[in-house]
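Here's a quick briefing to read alongside the sequence and the 3D view. Have a look around, then dip into the topics below.

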Amino acid sequence: MRVRTVLVDDQELVRAGLKLAISRTPDLEVVGEAGTGAEAVRVARALAPDLVLMDLRMPGVDGIEATRLITSQTADTRVLVLTTFDDDENVFGSLRAGASGFLVKDMPVPELLGAIRLVAAGDGLIAPSVTRQLIEEFAGRRRRHGPRLDAITERECEVLTLVGRGLSNQEIATRLGIAPGTAKTHVARLMMKLGARDRVHLVITAYETGLVSP
């Protein structure tokens, strides 16, 4: 099944370049485009795409507000932000708005296409070049949410800590001496209990609650 993608950027040339790259890939397709945040919300609502490739800086409704509206109105649509971290002070706000990943605009095309597949499949992704700054941002704003973690078991707390440290399900299984399928089940339950859309948001929770430190 092809990943149905909507491109959002106020620069037509950027959208044209992205569309050309995606159109050459058999398992991906562009089903819509938008040049503003408001238009992106309308297109996403009408088409319910698998993924929206979102720019942050646009006139009127910006990428953060558009992300919040899209993720709240279309539960199965993922948002992947394309940004230049050093120029965007609102990356933190985008994550809080429901974005499932961040990539820098100068990344190689094959990596971008792989990221679209990964995020559309339900995994989160943060470009290595922005991860350290992003983690430091979350750590700097950290608040302890006792009631949120009261709902999870001791084992789930251990799993959440390991997810926050960047371990895969296989690595978590090895560390805790459990089956990979059991680790996957724990991660799925954590997402449900904590209201996380994907692993990226579990990582955020791990840092915000102090389970993991940078």
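What volume does the largest cavity have? The largest cavity comes to about 50 Å³. Bear in mind that this is a predicted model, where local features need pLDDT of at least 70 and side-chain atom pairs count only at pLDDT 80 or more, while totals for chains, interfaces and linings use all residues. Residues are numbered from 1 along each chain as its sequence is written, and side-chain values use heavy atoms, with hydrogens and water left out.

**The chain overall**
- The protein chain holds eleven helices and six strands; these are DSSP runs (helices H or I, at least four residues; strands E, at least two), numbered from the N terminus.
- Of its 214 residues, 48% are buried, where buried means under 20% relative accessible area, exposed over 50%, and partly exposed in between (1.4 Å probe, protein chains only).
- Among contacts (heavy atoms within 4.5 Å) with a separation of 6 or more, 68% join residues 24 or more positions apart.
- About 10500 Å² of the chain is exposed, and carbon and sulfur atoms supply 51% of that; the areas come from the Shrake-Rupley method with a 1.4 Å probe.

**Cavity and pocket**
- A cavity is a set of points on a 1 Å grid over the protein atoms alone where a 1.4 Å probe fits but cannot get out; a pocket is an open set with protein on both sides within 12 Å along at least five of seven lines, and lining residues have an atom within 4 Å of a point.
- Grid points are joined across faces, edges and corners, and a volume is the space filled by probe spheres set on the points.
- There is one cavity of 30 Å³ or more.
- Residues lining the largest cavity include L7, V8, D9, L53, M54, D55 and K105, and β1, α1 (12-23) and β3 each give at least two residues to that lining.
- By class, the cavity lining has seven nonpolar, no polar and four charged residues; Ala, Val, Leu, Ile, Met, Phe, Trp, Tyr, Cys and Pro count as nonpolar, Asp, Glu, Lys and Arg as charged, and the others, Gly among them, as polar.
- The second largest pocket has about 210 Å³ of space, and of its 13 lining residues, R96, R148, G195, A196 and H201 are the closest to its centre.
- Helix α11 brings the largest share of that pocket's lining, four residues.

**Nonpolar cores**
- The largest nonpolar core (buried Ala, Val, Leu, Ile, Met, Phe, Trp, Tyr and Cys residues joined through side-chain atoms within 4.5 Å) has 23 residues, and V8, V52, M54, I70 and V81 touch the most other members.
- Elements that each supply at least two residues of this core include β1 (3-8), β3 (51-55) and α11 (199-208), while the largest share, four residues, comes from α2.
- Another core, of 20 residues, lies apart from it, with I152, L162, A183 and L190 among its members.
- Beyond its neighbours within four places in sequence, V52 contacts V6, V8, A44, I70, T77, R78, V79 and L80.

**Two spots to click on**
- P49 sits in the loop between α2 and β3, and it counts as buried because its relative accessibility is 1%.
- The C-alpha atoms of P49 and D76 are 8.2 Å apart, with their positions 27 residues apart along the chain.
- Just after α8, G166 takes a positive phi of about 90°.
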